[in-house]
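Trainee: I should like to work through this structure with you, one question at a time. May we begin as soon as it is displayed?

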Amino acid sequence: MMTRSKTIWSNWAGNVQSRPAARDHPESVADVQDLLSRAAREDLRVKVYGAGHSFTPIAQTDGVCVRLDQMKQVLGHDAATGHVRVQAGISLNELNVKLHRLGLALPNLGDVDPQSLAGAVSTGTHGTGGQLQGIAGAVAAVQLVTADGDVVEVDEDHPWFGAAPVSLGALGVITEVTLRCVPSFLLEAREEPARLPDLVDRLDELANDHDHAEFYWFPHTEKALLKRNNRVSGGTRPAPLGKLRHWWDDEFLSNTVYERVQRIAESQPRLIPRINAISGSLLGARTYVSDSFDVFVSPRRVRFRESEFAVPREALADVIGELQSWFAAKHELVSFPIEVRFAAADDLWMSTGFERDNAYVAVHQYHRIDPTSYFAAAQDIFVAHEGRPHWGKMHTLDAEYFAGQYRRFADFVAVRDEADPKRRFTNEYLDRVLGA
């Protein structure tokens, strides 16, 4: 039921806030249709949010703020095809558990899991894997409720399919999703300290020879943490981390201690190069075998802000070199690591992976520190290499830029014109990136 609201909405990072006129937690497709009808009568815009994990204002609104957290059921699955139909408000955390009970899994995931499925798909959340697409690449169909209340089933034969999964929330409310899942699988995780120059020399190997590979580079140093996750052969038994090692590495060091480290860096920025050198040596090597979703996902409780761009893989070494040069010039001291990942091309019109194999480079800044100048400098480097920003992460680019980056940009806007001619689902962010 749509209720009037006087409370402020904020995203996870705390950098985006809004004061919506009303809130709603629909429990069914009919409820979604009803709220859209009421919003139209009152001329209110509508935005859906999940866990608020986007760093951009993509879900910001002064109209109706909608959360689908009451729509989180698995509706059915086909054992022969691996297709699973779910309500779109389910969190990735809940979805992974329910898929596992069915003997299934998503082929790829990001490294956190509180996001709603609709939010992760709509913004192009990708994970890592040089031969694997992002989460939206596993979508076989979506159910979309348009601004006039029509329920549209968009499958791979529908003319809107290229636009509907990575839709940025611009086409309507995604209420159900059909996923192409794979049988549950184990991953062997190998994590170890590494030197950045060695990793730059091995970029092709990391992208092509491992199921999932990524690394974290600590600015002002050559220290990095390398992660390689590969499927194991049949008959391999799980060998998960012990509870004490998991607590020590992933809870105490990576969250409790690292929060305190970031506060020191904020108050004593001159110490940042030394802090990063220590941080890059703090975690030791480890190897374990566990369920895919358990390996992919890590707890992330130290709050930060993030900008991430997809760049052509062949540009990655140059991008890293230019970031190194910027740090060497001492424009700014940065205490948070840079994350590098890979993903395969897809055919979704507004996906960062559209028709291009990418490397992803994510820059972060502790949430108490203004990231503006750092992110602007990084964006200049990324744009010089045809970078495409993640739709849920900070950037300042506009529709003119994206029209040159995405061959089907005009086609996406045409679908938007058809699905939402009165712009019920727009906001300032969408007006900027898609055109008013």
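Trainee: In what sense do strand 5 and strand 6 pair, parallel or antiparallel?

Mentor: Bear in mind that this is a predicted model. Strand 6 covers residues 64-67, and 4 bridges link strand 5 with strand 6. Within this pair, Tyr49 has Arg67 of strand 6 as its bridge partner. The sense of the pairing is parallel.

Trainee: Which strands stand at the edges of the open sheet with the order 1-4-6-5?

Mentor: This open sheet has 4 strands and mixed pairing. Each edge strand has a single partner strand, so one side of each is left without a neighbour in the sheet; the strands concerned are strand 1 (3-4) and strand 5 (46-49).

Trainee: At about what angle to strand 5 does helix 1 run?

Mentor: Helix 1 has 13 residues, and its first and last C-alpha atoms lie 19 Å apart, close to the expected 18 Å. Helix 1, residues 29-41, lies across strand 4 (22-24), strand 5 and strand 6. Its angle to strand 5 is about 145°.

Trainee: Against which strands do the buried residues of helix 1 pack?

Mentor: The buried residues in question are Val29, Val32, Leu35, Leu36, Arg38 and Ala39. In an α-helix, residues three or four places apart point the same way, because there are 3.6 residues a turn. The strands against which the buried residues of helix 1 pack are strand 4, strand 5, strand 6, strand 10, strand 11 (151-155) and strand 12.

Trainee: Which residue just after helix 1 takes a positive phi?

Mentor: The place to examine is just after helix 1, where the phi in question is about 55°. The residue is Asp43.

Trainee: Which residue of strand 12 is the bridge partner of Gln143?

Mentor: Strand 12 (residues 173-180) is mostly covered, with 7 of its 8 residues buried. It pairs antiparallel with strand 8 (residues 83-87) through 5 bridges, and with strand 10 (residues 139-145) through 6 bridges, again in the antiparallel sense. Gln87 has Glu176 as its bridge partner in strand 12. For Gln143, the partner in strand 12 is Glu176.

Trainee: Is His126 buried or exposed?

Mentor: His126 is found in the loop between helix 3 (117-123) and strand 10. Its relative accessibility is 2%, and the cut-off for burial is under 20%. His126 therefore counts as buried.

Trainee: With which residue does the side chain of His126 make a polar contact of 2.9 Å?

Mentor: Leaving aside residues up to four places away in sequence, His126 touches Asn108, Gln133, Gly134, Ile135, Glu308, Arg341, Tyr360 and His390. The polar contact of 2.9 Å is between side chains, and the partner of His126 is Glu308.

Trainee: Which are the edge strands of the open sheet formed by 8 strands?

Mentor: The order of the 8 strands is 17-14-16-15-19-20-18-21, with antiparallel pairing. An edge strand here pairs on one side only, and the two are strand 17 (286-291) and strand 21 (388-389).

Trainee: Which residue of strand 16 stands opposite Leu187?

Mentor: Strand 14 (residues 186-195) pairs with strand 16 (residues 223-231) through 9 bridges in the antiparallel sense. Opposite Leu187, in strand 16, stands Arg231.

Trainee: About what angle does the direction of helix 10 make with that of strand 20?

Mentor: Helix 10 (residues 372-383) packs on the sheet and touches strand 18, strand 19 and strand 20. The angle between the directions of helix 10 and strand 20 is about 170°.

Terms used:
Residues numbered from 1 in each chain as written. Predicted model: local features only at pLDDT ≥ 70, side-chain atom pairs only at ≥ 80, totals over all residues. Heavy atoms only, no water. Buried < 20%, exposed > 50% of the residue type's maximum accessible area, 1.4 Å probe, protein only. Pairing = 2+ DSSP bridges. Contact = heavy atoms within 4.5 Å. Axes fitted to C-alpha atoms, helices over the stretch in contact; angles between N-to-C directions. Expected span 1.5 Å × (residues − 1). Polar contact = N/O pair within 3.5 Å; in protein donor to acceptor, adjacent residues only side chain to side chain.
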